Amino acid sequence: MKIIWYGHSCFWIETKGVKFLIDPYPEVDDDRIGDVDYILITHEHTDHYGKVELLSRLRDATVIGPKQVYLMAVADGVTKAREIDAGETIELENGVKVTAIYVEHPSSQYPLGYIIEGDKTVFHPGDTYSTPAFQRLRGKIDVLLVPISGRSTANEREAAQIIEDIRPKVVIPMHYGVYNDEDPSKLESELRKRRIWVRFIKPELYREIEV
């Protein structure tokens, strides 16, 4: 599985030849984004939906999101859009699956996170706070992309709790560096304090991570 961080909560992921883009915010450098088959949108806020219309057209990609996102995409002229509900699993090419998970983000109408199952299993929870519901995912996630900004989403302490509940093998922090200056090292310190031992990767813009 290959992962590239484009800032904020935007990631490009390739697994088994299927290419995903998640939450392209308005200022994302779209010239650096390669081929995309599917664009997953966690919720309707601009800093996650931002460049959906442009990138779906330029990359001929299918947009997948909750009802509000689906309706926005259709209204914006997106011709390839698909609605997904919490608990629903979509089977794609080469045995790759996407499952939508309801998350805790009260300022959104219907926030979702996505589990992508390919050669590895990655969970992008979008904007979320810690919730006991994540304990159901314990031991099922290889790579967790976790928000840390503390602005309408988890801070480093809540992010550590999410990690403790899920117990992934790899953690990559997100939701920082564009609209705020949160420091990922705070999460790393919190994990050490709690004696939670995971592979912690601080992402670098546009640099490919292989897991």
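**Close-up views of a predicted model**

UniProt, in an unreviewed entry, places the feature "domain: Metallo-beta-lactamase" at residues 7-175. The structure shown is a predicted model.

**Figure 1. The whole chain, with five helices and 14 strands.** The radius of gyration is 16 Å, close to the 17 Å that the globule rule gives for 211 residues, so the protein is as compact as a globular protein of that length. Along the principal axes, the C-alpha atoms fill a box of roughly 50 × 35 × 30 Å. Of the 211 residues, 55% count as buried. Among contacts with a separation of 6 or more, 54% join residues 24 or more positions apart.

**Figure 2. The surface and the charges of the protein.** About 9,200 Å² is exposed. Carbon and sulfur atoms supply 42% of that area. The protein carries 27 positive and 35 negative side chains. The centres of these two sets lie 6 Å apart.

**Figure 3. The span of the UniProt domain, residues 7-175.** The end C-alpha atoms of this span lie 8 Å apart. Helix makes up 19% of the span and strand 29%.

**Figure 4. Asp37, in the loop between β3 (18-22) and β4 (38-40).** Asp37 is partly exposed, with a relative accessible area of 29%. Setting aside neighbours within four places in sequence, Asp37 is in contact with Gly17, Val18, Lys19, Ala61 and Thr62. Gly77 is 40 residues from Asp37 in sequence. The C-alpha atoms of Asp37 and Gly77 are 18 Å apart.

**Figure 5. Asp60, in the loop between α2 (52-59) and β5 (62-65).** The backbone is the subject here. Asp60 has a phi near 50 degrees. This is a positive value in a residue other than glycine.

**Figure 6. Tyr129, in the loop between β10 (121-124) and β11 (143-147).** The relative accessible area of Tyr129 is 26%, and the residue is partly exposed. Beyond its neighbours within four places in sequence, Tyr129 is in contact with Glu104, Pro106, Phe134 and Ser152, and also with Thr153, Ala154, Glu158 and Ile162. Leu21 serves as a distance reference. Tyr129 and Leu21 are 108 residues apart in sequence and 22 Å apart in space, C-alpha to C-alpha.

**Figure 7. Tyr176, in the loop between β12 (170-174) and α5.** Tyr176 has a relative accessible area of 6%, so it counts as buried, the cut-off being under 20%. Neighbours within four places in sequence are left out of the contact list. The partners of Tyr176 are then Trp5, His8, Ile148, Glu182, Pro184, Lys202 and Pro203. Ser189 is 13 residues from Tyr176 along the chain. Their C-alpha atoms are separated by 17 Å.

**Figure 8. Arg195, in the loop between α5 (184-193) and β13 (199-200).** Arg195 has a positive phi of about 60 degrees although it is not a glycine. The relative accessible area of Arg195 is 61%, so the residue counts as exposed, the cut-off being over 50%.

Conventions:
Residues are numbered from 1 along each chain as its sequence is written. This is a predicted model: local features need pLDDT of at least 70, side-chain atom pairs count only at pLDDT 80 or more; totals for chains, interfaces and linings use all residues. Side-chain values use heavy atoms; hydrogens and water are left out. Helices (H or I, at least four residues) and strands (E, at least two) are DSSP runs, numbered from the N terminus. The radius of gyration is taken over C-alpha atoms; the globule rule is 2.2 Å times the number of residues to the power 0.38. Buried means under 20% relative accessible area, exposed over 50%, partly exposed in between (1.4 Å probe, protein chains only). Contact means heavy atoms within 4.5 Å. Accessible areas come from the Shrake-Rupley method with a 1.4 Å probe; for residues, only the protein chains shown count as cover. Lys and Arg count as positive and Asp and Glu as negative; His and the chain ends are not counted. The place of a charge is taken as NZ of Lys, CZ of Arg, CG of Asp or CD of Glu. UniProt positions are given in the numbering used here, feature names are shortened, and annotations may be inferred rather than shown by experiment.
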